[in-house]
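Thank you for making room for this at today's meeting. I would like to walk you through a structure that is new to the group, and to leave time for discussion at the end.

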Amino acid sequence: MEAKRALLNQQVVETTAYELVELIARQDQLALQQFYDRYNKLVFSLAMKVLNCRTEAEEVTLEVFWQVWQQAAQYKEARGSVLAWVIMITRSRAIDRRRSRERNGNTLYVFDNTSVSDLSIDVVDDPEETFYTSQRREAVINALSEMSDKQRMAIELAYFAGLSQSEIATQLQEPLGTVKTRIRSGIQILREKLKRYF
Amino acid sequence: MMMCNLSKDLKDSFVCYLMGELAPSEIAAIEKHLATGCESCRQEIAELENVLSSIACSVPIVNPSDNVRQKLISRVNAEMRVQPLKLVTPAKPWYKTPINLLGRIAASLAILMLLAETVYLLEFNKQARLQATLQEKQIQTLKEQIKQKQQVISSIGTSRRLIVLDSKLVSKASGKAFWDTNQNTWLIYISNLPNAPKGREYQLWFITDDQEVISGGMFQTDNNGCVQLPLATPHKCQSIREVAISLEPEGGSETPRGAIYLLGQV
């Protein structure tokens, strides 16, 4: 790890995400900066998708990396990938912010129909991870494209708006059972399409 | 491999669990089950988490402003400058510190040795004080003796004569008689003369050229067999030839009857 840290200082090697988290857990600021450079676009983009507000999305981005800095030691590789961990933190914080905002006024989730076609593979700076992420991203977009609008909308409302299945049923004016089935089958489709990436 | 006993309803709720939609009691039930080490449920949840996180990858990519990075670095730097105070557990007082058996034995031995040394030092101090007292007495005695010697020395002058007294009975016994012919006084110093037996006393005699024997007086020696006799020449003495000391009955004799212990020629 010390040798890795020395090489990281020289920035001559690509450090894996897990190694970066280990270094951050040891209060390595350089590792945190590299971690930020690697994931800031994904974190900010997800926060923007949930909040639809640049100022709030930047605040959430800052909070996410601050949480990584403080809780890196609690990350467990067996629980999931670093990418999944960062996305989970981002989604959780962004939805909390969104719910807090909604207490003052009902804000409906705005569907962005251009999101599927607005592709950019330059998600992270790590070439290997960029390739991996871009491949998976393409697969996700393809999987979502194969779903009906109502199924995709149910999944997006659950994931990006943080709505419960009952709230989704109300918003889409569909029976709760139908919404549950759509979400469960939608996740199953994604699982099948993305199987080779896990 | 352990059997999974989680209910089907909870297993179907894994997606809701990952999205934070479950009630606290349901979350607790799933986490309690995961804590038992159910590998199949752990893998299922990890895979579903990857599926859900993949949905995030579908969002259009937007770049945050550079301010975010700068704010993060500033915040971390500020935190590194102000490290939280570490709680320092106060050390237990010595009497609350646990001591193992060897420690107790070692401590007991150390205390015993300390006590023994203290007793020894007290006794040593007592002996030293006693010796010091004795030495002070000896010094006092020696000072007295010096004073006497100085008196003897001071009595020796051009007008004084020295008569040495010898003993044929007691080898160590000796005496010196200083006769000031001008003042017609005597200072007789005697040493190592045995103490007179009970009912006896030593008697000093002056023997003249005419063979007349005149008593100079009675005396006793001290514990060391010493005595200093300052006296005047008896009036009868015109010329003195010898000085003698004999052991006589208490009260003295008219003429020497006992053994002559010391005798000196003038």
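Let me begin with a question: in which sense do S3(B) and strand S6 of chain B pair, and over how many bridges? They pair in the antiparallel sense, over six bridges, with strand S6 covering residues 227-232. Before going further I should say that what you see is a predicted model, and that everything I describe today is to be taken in that light.

Staying with that pair for a moment, B:Trp186 stands opposite B:Leu231 in S6(B). Strand S3 of chain B, which spans residues 185-191, is mostly covered, with five of its seven residues buried. S3(B) also pairs with strand S2 of chain B, residues 174-180, again in the antiparallel sense, and here over seven bridges. Within that pairing, B:Ser174 has B:Ser191 of S3(B) as its bridge partner. S2(B) and S3(B) form a hairpin with four residues between them, and in the turn B:Asn184 has a positive phi of about 60 degrees.

As general background, strands of a sheet pair through backbone hydrogen bonds, either parallel or antiparallel. Chain B also has an open sheet of four strands, in the order S5-S4-S7-S8, and its pairing is antiparallel. At the edges are strand S5 (213-219) and strand S8 (260-265) of chain B, each of which pairs on one side only. If you ignore direction, neighbouring strands of this sheet are turned by 20 degrees against each other on average. Inside the sheet, strand S4 of chain B, residues 200-208, and strand S7 of chain B, residues 240-249, pair over nine bridges in the antiparallel sense. One of the bridges there joins B:Glu201 to B:Glu248 in S7(B).

Let me step back to chain B as a whole. It has six helices and eight strands, and, read from the N terminus, its elements run α-α-α-α-α-α-β-β-β-β-β-β-β-β, so you meet the helices before the strands in that order. Of the 266 residues in chain B, 18% are buried. Among its contacts with a separation of 6 or more, 52% are between residues 24 or more positions apart.

Chain A, by comparison, has nine helices and zero strands. Buried residues make up 38% of its 198 residues, and among contacts in chain A between residues at least 6 apart in sequence, 57% join residues at least 24 apart. Helix H2 of chain A, residues 17-25, offers an example of burial: its buried residues are A:Ala17, A:Leu20, A:Val21, A:Glu22, A:Leu23 and A:Ile24. Just after H2(A), A:Gln27 takes a positive phi of about 65 degrees.

Now, how do the two chains meet? The contact takes 47 residues from chain A and 30 residues from chain B. On the side of chain A that touches chain B, helices H3, H4, H5, H6, H7 and H9 of chain A each supply at least two residues, and H3(A) gives the largest share, with eleven residues. By class, that side of chain A divides into 25 nonpolar, twelve polar and ten charged residues.

One helix pair is worth pointing at on the screen. H5(A) and helix H4 of chain B, residues 39-56, pack at an angle of about 65 degrees, with their axes 9 Å apart, and their crossing is left-handed. On the H5(A) side you find A:Leu83, A:Ala84, A:Ile87, A:Met88 and A:Arg91, which meet B:Glu49, B:Asn50, B:Ser53 and B:Ala56 in H4(B). This contact has five nonpolar, two polar and two charged residues.

Finally, the cores. In soluble globular proteins, nonpolar side chains tend to be buried together. Which residues touch the most other members of the largest nonpolar core here? Of its 66 residues, they are A:Ile24, A:Leu46, A:Ala47, A:Val86 and A:Ala158, and H3(A) gives the most to this core, with 13 residues. Leaving aside its neighbours within four places in sequence, A:Ala158 is in contact with A:Leu163, A:Ile168 and A:Ile183, and also with B:Met19. A second, separate core has 20 residues, including B:Ala173, B:Tyr202, B:Ile240 and B:Leu262.

Definitions and conventions. Residues numbered from 1 in each chain as written. Chains lettered and ligands numbered in written order. Predicted model: local features only at pLDDT ≥ 70, side-chain atom pairs only at ≥ 80, totals over all residues. Contact = placed C-beta atoms within 7 Å. Nonpolar A, V, L, I, M, F, W, Y, C, P; charged D, E, K, R; others polar. Buried ≥ 20, exposed ≤ 12 C-beta atoms within 10 Å, placed from the backbone. Core = buried A, V, L, I, M, F, W, Y, C linked by C-beta atoms within 7 Å. Axes fitted to C-alpha atoms, helices over the stretch in contact; angles between N-to-C directions. Left-handed = near helix turned anticlockwise from the far one by under 90°. Pairing = 2+ DSSP bridges.
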